[in-house]
Amino acid sequence: MNNSLINHPNQETIPEVLAVIPTMDVVVFPNMIVPLLVLDEKIIKGVNQALEESKLIFLLAAKDSIESQDSIGTNDLYQVGTIATIMRLIKVPEGGIKILVQGVGKGIAQDIVTHDDILQAHIKPIDVEITDPELLQPQIRSIKAVAEKMASAGHSFSPDFHIILSKMQDPEKIADFVLSHLNLTVEQGQQLLEVQNQQELLESIYLHLNQEIEVAEIQEKIRSNARDAMNRAQKEYYLREQIRAIKQELGEDDLEEIEEMHEKLTALPVSNEIKEEISRQISRLERTAPDSLEATVTRNYLEWIFAIPWGVETQDNLEIAHAKKILDEDHFGLKEIKERILDFISVRNLKQDGFAPILCFVGPPGTGKTSLGKSIAKSLGRKYSRISLGGVKDEAEIRGHRRTYVGAMPGRFVQALRKAESCNPLIVIDELDKIGSDFRGDPSAAMLEVLDPQQNNTFYDNYLGIPLDLSKVMFIATANNLETIPEPLRDRLEIIELSGYTLDEKVNIAKMHLIQKAIADTGLDSSKISIPDEVIADMVANYTRESGVRQLERLLRKLCSKEARSLVEKNTHLAFTTENIEDHLGAKRFLDEDADHKDQVGISNGLAWTPYGGDIIKIETVLMPGSGKLLLTGQLGDVMKESAQAAVSYARANTEKFGINNDLFKTHDLHIHVPAGAIPKDGPSAGITMLTSILSALTKRPVSAQFAMTGELNLRGEVMPIGGLKEKVLAAKRNNLSCVIAPYKNRNDLKDLDSVTEGIDIIWVQHADEVIDRVLAKVVDTVIDEAVDPLPEKEIDATIIADANKS
């Protein structure tokens, strides 16, 4: 890159031969500075040679008849051109160069030749005939007068064009200044370049300035005509509005629509207060211009008002046998919910105008909460609508937006009534526990009015602005976790808990519902495919350890897809067995090692409750030399940490009872870890599990791996009640554990749940000593002192454990 500026040379220093640079669509005049883009290699070579020598080049304009993409011959160039000096050169990344040139003088190409791949020409400079400045004054004054006229009319080339020109006196500079602003074609510019007399040049410039004024005046006339046309259009619009107003006064405009609204209002079974408000809105619509924004808003509001099914009700089917049949066909088990629906139907048989119950089904995902609502609507013969509140953070989603906002709409419950076309539908409120809140309000607070039988008969929607009766609607809410539902809202709900399904229940659900659905989804013939019960049980135990049946449904659909592929490719049917199930579903996802079935020191099986069902957790404890510290890892919450501290305190307070040297707590550290460290854990129910693990580490007595336990521990060693016992027992059964130790005060939680307790022993305990005596093996002649480090974990003879458990 060469950025240095060079001075203009005298004519004596101009070489006879210069590199020729063709210019497209532009004519360069002397003293004019112009950037040029050069892409041709021959031209670039000539520019480079000129930079090494005199830095002078010869610019020749190409004729208008040449297209930019065509190659240019020497006959396509004008003979008269401009001698220019190269001021700057910049290389372009895409190839080629950019040069900044300034005209020095005029010249004529006597002949153009190619030498060493460089386009060159023999140049003869042209001397411009100098005229006496006094003789040029008339032309100069004429040019300045035209420039002033252009400035006054607002057609000047630039804001300061007239000011600069008025201060210039040199004829040559005036000509150069005006030429740099004129919009000339190549032919017009070439004609001015070939003029060799100053007076003739100034006269030509004057003529071109006059042409610019004429063009500007024509453009202004066109713009004026366009403005007049727009004014006429506005005038016509105004007249049309007057005609529309006259027609409205005559009753010939929108009369049918207004009359239809009045007729609908008369037929609406609503109170006089509501009718007055609707009538007021209709009157406002009559007085408003039909095309105005306010008319659009009012019309949309009235359309929503008349779309609500005021007084439209479906007749409930109150036959208990019919309802029971529908519920049993659609869902297996769920005895408590079915009994509640049958109770409601019985009450309706005796009292038609009673309040509809507001139920809340709480349970893990995939247990059929949402689909159960649809079955209840089917059994009652009611219209069905569903509202999902998961992630809703705006109160206006419940109460609606005020009509002052652009795009305002009623809340979701009004929309649900319109969609159901009934004022007594069954509405399922899905994911009630996942409502959020932010600066726009708290939707759960707005739900208090919706779900309160004493208030929802006059529910107020911000968009409607009138009371709406929701008392005839049957609401069924679903949730995974009650803890996230605010207490005032929870108080308005009748809670019915859905626990996870047992193995037998899942097998029956698959046989009655899931297999038929999977066959229908894959286009198979139900009589040609068979999935035995033992295969379903194998899938439940080894592929889908879940509380619900969604994953089981996916696996059954996958098996049906395999059957469909076999039919299409080989025209044969598949036989599914427990031996070949892995060929179709892959390796088993859950193995027996997930829960410890091997007795080990310091490791005990605990039971946890999650919103998605019960689960097995391991509590691991190791004893190591230290200074008596207690280390807790596994992302434990504050309550769980306190449970661990309480367990350690109980163990230290009863060292003599358990045969532990008290000095161990001073010379060794205890490290308690709960695996799956990425998952947060909290709650008090792991108290006895932690105590068992701690005592096992301190006494070197292994823990029986056939036991899973749950229960809160206090400092006196009493086992306190916990929650979620059913889910925890099901988790133990899924992991093939034989015994569950639970608090005695929870014994009523499993009453009448024979399907849950079948196949597993439930041991009720009141004190921690009962737990320790059962699960810790009694190893004979085991001596613990402070100088001995913990022994490595090893298997203990099963006969010793059995004898210990019997004792």
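This text leads through a predicted model of a single chain, from its overall make-up to its cores, helices and a few single residues. Residues are numbered from 1 along each chain as its sequence is written, and side-chain values use heavy atoms, with hydrogens and water left out. Because the model is predicted, local features need pLDDT of at least 70 and side-chain atom pairs count only at pLDDT 80 or more, while totals for chains, interfaces and linings use all residues.

The chain contains 28 helices and 22 strands. Helices (H or I, at least four residues) and strands (E, at least two) are DSSP runs, numbered from the N terminus. Of the 807 residues, 46% are buried; buried means under 20% relative accessible area, exposed means over 50%, and partly exposed is in between (1.4 Å probe, protein chains only). A contact is a pair of heavy atoms within 4.5 Å. Among the contacts in the chain with a separation of 6 or more, 74% are between residues 24 or more positions apart.

In soluble globular proteins, nonpolar side chains tend to be buried together. A nonpolar core is here a set of buried Ala, Val, Leu, Ile, Met, Phe, Trp, Tyr and Cys residues joined through side-chain atoms within 4.5 Å. The largest such core has 64 residues, and the members that touch the most others are Ile-57, Ile-99 and Val-178. Strand β3 (residues 56-61) supplies the largest share of this core, six residues. Leaving out residues up to four places away in sequence, Ile-57 touches Leu-18, Ala-19, Ile-21, Ala-50, Thr-82, Ile-83, Ala-84, Ile-86, Ile-99 and Val-101. Another core, of 51 residues, lies apart from it and includes Leu-285, Trp-304, Phe-306 and Trp-310.

Ile-83, one of the contacts of Ile-57, also serves to locate Gln-102. Gln-102 belongs to strand β5 (residues 97-115) and is buried, at 13% relative accessible area. Its C-alpha atom is 8.6 Å from that of Ile-83, with the two positions 19 residues apart in sequence numbering.

Two packed helices are described by the angle between their axes and the distance between the axes. For helix α17 (residues 503-522) and helix α18 (residues 533-542), the axes come within 10 Å and cross at roughly 115°. Such axes are lines fitted to C-alpha atoms, for helices over the stretch in contact, and the angles run from 0 to 180 degrees between N-to-C directions. On the α17 side the contact is made by Leu-503, Lys-506, Val-507, Ala-510, Lys-511 and Ile-515, and on the α18 side by Asp-533, Ile-536, Ala-537 and Val-540. By class, these are seven nonpolar, no polar and three charged residues. Ala, Val, Leu, Ile, Met, Phe, Trp, Tyr, Cys and Pro count as nonpolar, Asp, Glu, Lys and Arg as charged, and the others, Gly among them, as polar.

Helix α24 (residues 687-699) has 13 residues, and 13 of the 13 are buried, so the helix is largely enclosed by the rest of the structure. At 1.5 Å a residue, α24 should span 18 Å, and its end C-alpha atoms are 18 Å apart, which agrees. The expected span is 1.5 Å times one less than the number of residues. Before α24, in the loop that follows β17 (668-673), is Val-674. Val-674 counts as buried because its relative accessibility is 0%. Beyond its neighbours within four places in sequence, Val-674 is in contact with Lys-618, Ile-619, Thr-633, Gly-634, Leu-636, Met-640 and Lys-681. The C-alpha atoms of Val-674 and Glu-620 are 6.2 Å apart, although the two are 54 residues apart along the chain.

Helix α25 (residues 725-734) is mostly covered, with eight of its ten residues buried. Charged residues are among the buried ones, including Glu-727, Lys-728 and Arg-734.

Most residues other than glycine have a negative phi, and most peptide bonds are trans. Some residues here have a positive phi. Lys-700, just after α24, takes a value of about 60°, and Asn-736, just after α25, also takes about 60°. Asp-25, in the loop between β1 (17-23) and β2 (33-38), has a positive phi of about 65° and is exposed, at 66% relative accessible area. Asn-571 has a positive phi of about 60°, lies in the loop between α19 (550-570) and α20 (581-585), and is exposed at 65%.
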